[in-house]
Amino acid sequence: MKVTIDGITVEVDPGTTILNAARQIGGDIVPPAMCYYSKLQGSGGKCRTCLVKVSKGSEKDPRPMPKLVASCRTTVMDGMEVQNITSPEVIEARKGVVEMLLINHPLDCPICDQAGECHLQDLGYEHGAAKTRYEFDRRTFEKIDIGDKIQLHMTRCILCYRCVFTADQITDHRIHGILNRGDHSEISTYIQAAVDNDFSGNVIDVCPVGALTDKTFRFKNRVWFTKPVDAHRDCNHEKCNGKVTLWYKGEDVIRVTARKDVYGEVEEFICNECRFDKKKTADWVIEGPRKIANNSVISANHYDTLRPLPVVKTNPVLQENNKNQFERDTRL
Amino acid sequence: MGRKLLLEHINVPNINTFDVYREKGGYRSVEKALKTMTPDEVVEEVKKSGLRGRGGAGFPTGMKWSFLAKPEGVARYLVCNADESEPGTFKDRFLMTYIPHALIEGMITSSYALGANTSYIYVRGEMMPQIRILEKAIAEAKAKGFLGKNILGTGYDLELYVQPGGGAYICGEETALLESLEGKRGNPRIKPPFPAIAGLYGCPTVVNNVESIAAVVPIINDGGDEYAKLGIGRSTGTKLISAGGNLKKPGVYEIDLGLSCEEFVYSDEYCGGIANGKRLKAVVAGGSSVPILPANLFFKTANNEARLMSYESLADGGFATGTMMGSGGFIAFDEDACIVRNTWNFTRFYHHESCGQCSPCREGTGWMEKVLHRLEYGHGKKSDIDLLVDVSKKIEGNTICPLGDAAAWPVASAIRHFRDEFEWHVTNASEAMTRNYGLAHYADPLPKKEETAA
């Protein structure tokens, strides 16, 4: 079936959501998504950042939809016409959502480990106002150690439910969720119990902001000073494929994450052993430098000079790959 | 005098017991439906009646029933939404307390029509007396063969359960109710799929309000056409109105839809006028979530015709000059009522009850409440009024469920119709405090923001 988004028509399979149809087109017309995560069933629809206007329902029923709809949960109809960045109504609503999200999310990007990888930071930059109209006290929370490897900084949480879905769907049992309601809602564990299972670390990767952070990486470095390198290993865990990104500071691996796609979503989830325990280059088979989008702040330090990653210094093949990539990025 | 269908026997002693209710003609609709009608015929009668959902949305009940998917080998459910908790609305509680068998009878007839063999009455958790009353009524009906296996020898089986809720307003939203009924956190589901396709435990489900289900009884007893003769236009039948506020005779009234608003407020048969001989200032016609209307607009439509208690007439003119029938929670405010204080009070409720699932409602309701609180307590700024309008616009229509709209409409309408009163609160903070609380000194000791900055 055909769907037209901001004047660009794309053919998609039945059941495709507007968001995923837009992702097939790519570029600026892709609505932002803070809570939707394609790898997690049932996610999406909550943050309302992906609201779009359906100006024509379908060929059969061309009536427009009366309200803005969440593009991540609305499936396309044949002949549907959607407005995203071409609709002032959508932009206005999104501005409102960003303002609401930032009410209780501190702009502590200078000290936040997620800075540079934060979806809300991008969203705030693209749609936020320079000044908030909110003048009241913000809610604050004590930081909670949920397990020895993860720290929950609830003050930053925007309640996207991604971590809850992750724990629900890829770990053996979930022991954390949402407590209370309204703006008193908070992610928590039962009596601050540890989130302790082989895949718990993935909640860090799915968090769109800096609410769940890796305690083995906290305050070690800013992401744009690190060098990301794709690597893999033969992991014994049956559900883990062992494909990761290693984040280097000098010659040390200071963080291991799962690999993410262009929309910041994990391609395949990894186990805790790969994430937390394998922090030596010798543990991994290095594939080469990770491709980072030009517009990402992580790319910032890759442009000034061509500095091959320390780890590939002695490998001429990888050195050549590295060089090619940086040259291409610089040209772009 | 209007015809009473639901409250006909309200004054009969012990009408809450099975025997007295039966003596007064109770459970005839069950006998008629199960013994002489097919389920589709029952649905057809409800369609003919033009009955519209009495929970607030006013969607045609028969049409809702006809949307129910009927896949082979999959259970279907009827769920009664008895989670009534909107400020100003208390008619379902009244019905369940005094004539519980009307609901039980309606549940059996409706369940038969929908092909449901298990049905639930989801009652707000705080209503323990009503829960006990309903459980007793169900036990009585079961003992008399109107529930359980092979009802009245017709081969139809129905188990009916009362399920207390956790006590959250959001659980009155039908999908949040289903989540809660399944034992989960009461968060609204994102639609589609609608409950008629995938509802309770993923099975086709119809969720109806208490009053809607009770209204099925007279529809089947007398026929849908007869029911449709009552009322006006597409607002057929009778409606329970829970009247509160500054009225001489607050209470629950059954009115023919189409009754004039003026008669409802001033006639002795109904509210008897405004208490203490005061003038009516404003009205909330259908529960706190609907837009507030000043008295002059409540009695006259946009075309300067007499406004009627009907879905269409109350909505005449859109939100600029009209409101909604909603759940029938009627609240009257006399000339002394403070609209700002009332708006703050409503918003406080919605802030407290927002489930927190989607961002605009979670954050916006709290923001509005804080600004209104500031206005009410004498620290407001003139820009706060426009800020409130803007925040309410940012919430309206952008949330998962209608709670966002329910929170936004009272604020937007109060400012639309009573902006001068909000401005007066900004310029006469001290006087406002005196008027509302008798606390002349209260507003002064607290420094205003501008003074603090200086």
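**Exercise 1. Find what surrounds the buried residues of helix H8 of chain B.**

Step 1. Begin with the neighbours: the buried residues of H8(B) pack against helix H4 (61-66), strand E1 (77-82), strand E2 (118-123), strand E3 (159-164) and strand E4 (205-209) of chain B. Contact here means heavy atoms within 4.5 Å. Helices (H or I, at least four residues) and strands (E, at least two) are DSSP runs, numbered from the N terminus.

Step 2. Before going on, please note that this is a predicted model, in which local features need pLDDT of at least 70 and side-chain atom pairs count only at pLDDT 80 or more, while totals for chains, interfaces and linings use all residues. Residues are numbered from 1 along each chain as its sequence is written, chains are lettered from A and ligands numbered from 1 in the order in which they are written, and side-chain values use heavy atoms, with hydrogens and water left out.

Step 3. Now look at the helix itself. H8(B) covers residues 174-181, and eight of its eight residues are buried, where buried means under 20% relative accessible area, exposed over 50%, and partly exposed in between (1.4 Å probe, protein chains only). Among them are B:Glu174, B:Leu177 and B:Leu181.

Step 4. Move just past the end of H8(B): there B:Gly183 has a positive phi of about 90°.

**Exercise 2. Work out the strand order of the five-stranded sheet in chain A.**

Step 1. Start with a pair. Strand E1 (residues 2-5) and strand E2 (residues 8-11) of chain A run antiparallel, joined over four bridges; two strands pair if DSSP finds at least two bridges between them. Across this pair, A:Ile5 faces A:Ile8, and A:Thr4 faces A:Thr9.

Step 2. Check the turn. Two residues lie between the strands of this hairpin, and A:Asp6 takes a positive phi near 50°.

Step 3. Go to another partner of E1(A). With strand E5 (residues 80-83) of chain A, the pairing is parallel, over three bridges, and here A:Ile5 stands opposite A:Val82.

Step 4. Put the strands in order: the open sheet reads E2-E1-E5-E3-E4 (chain A), with mixed pairing. E2 and strand E4 (69-70) of chain A are at the edges with a single partner strand each, so one side of each has no neighbour in the sheet.

Step 5. Add the helix. Helix H2 (residues 88-101) of chain A packs on the sheet, touching strand E3 (51-56) and E5 of chain A, and its direction makes about 160° with that of E3(A). Axes are lines fitted to C-alpha atoms, for helices over the stretch in contact, and angles run from 0 to 180 degrees between N-to-C directions.

**Exercise 3. Describe the four-stranded sheet of chain A.**

Step 1. Read the order: E13-E12-E11-E14 (chain A) form an open sheet with antiparallel pairing. Its edge strands, E13 and strand E14 (285-289) of chain A, each pair on one side only.

Step 2. Note the twist: neighbouring strands are turned by 35° against each other on average, direction ignored.

Step 3. Zoom in on one pair. E12(A) and E13(A) are antiparallel over six bridges, and A:Tyr248 has A:Val253 in E13(A) as its bridge partner.

**Exercise 4. Decide whether helix H4 of chain A is enclosed or open.**

Step 1. Count the buried residues. Helix H4 (residues 162-170) of chain A has seven buried residues out of nine, so the rest of the structure largely encloses it.

Step 2. Name some of them: the buried residues include A:Arg162, A:Cys163, A:Phe165 and A:Ile170.

Step 3. Find the cover. It includes H3, strand E8 (176-179), strand E9 (186-189), H5 and strand E10 (212-214) of chain A.

**Exercise 5. Set these pieces within chain A as a whole.**

Step 1. Tally the elements: chain A has seven helices and 14 strands.

Step 2. Look at burial: 56% of the 332 residues in chain A are buried.

Step 3. Turn to contacts. Among those in chain A between residues at least 6 apart in sequence, 64% join residues at least 24 apart.
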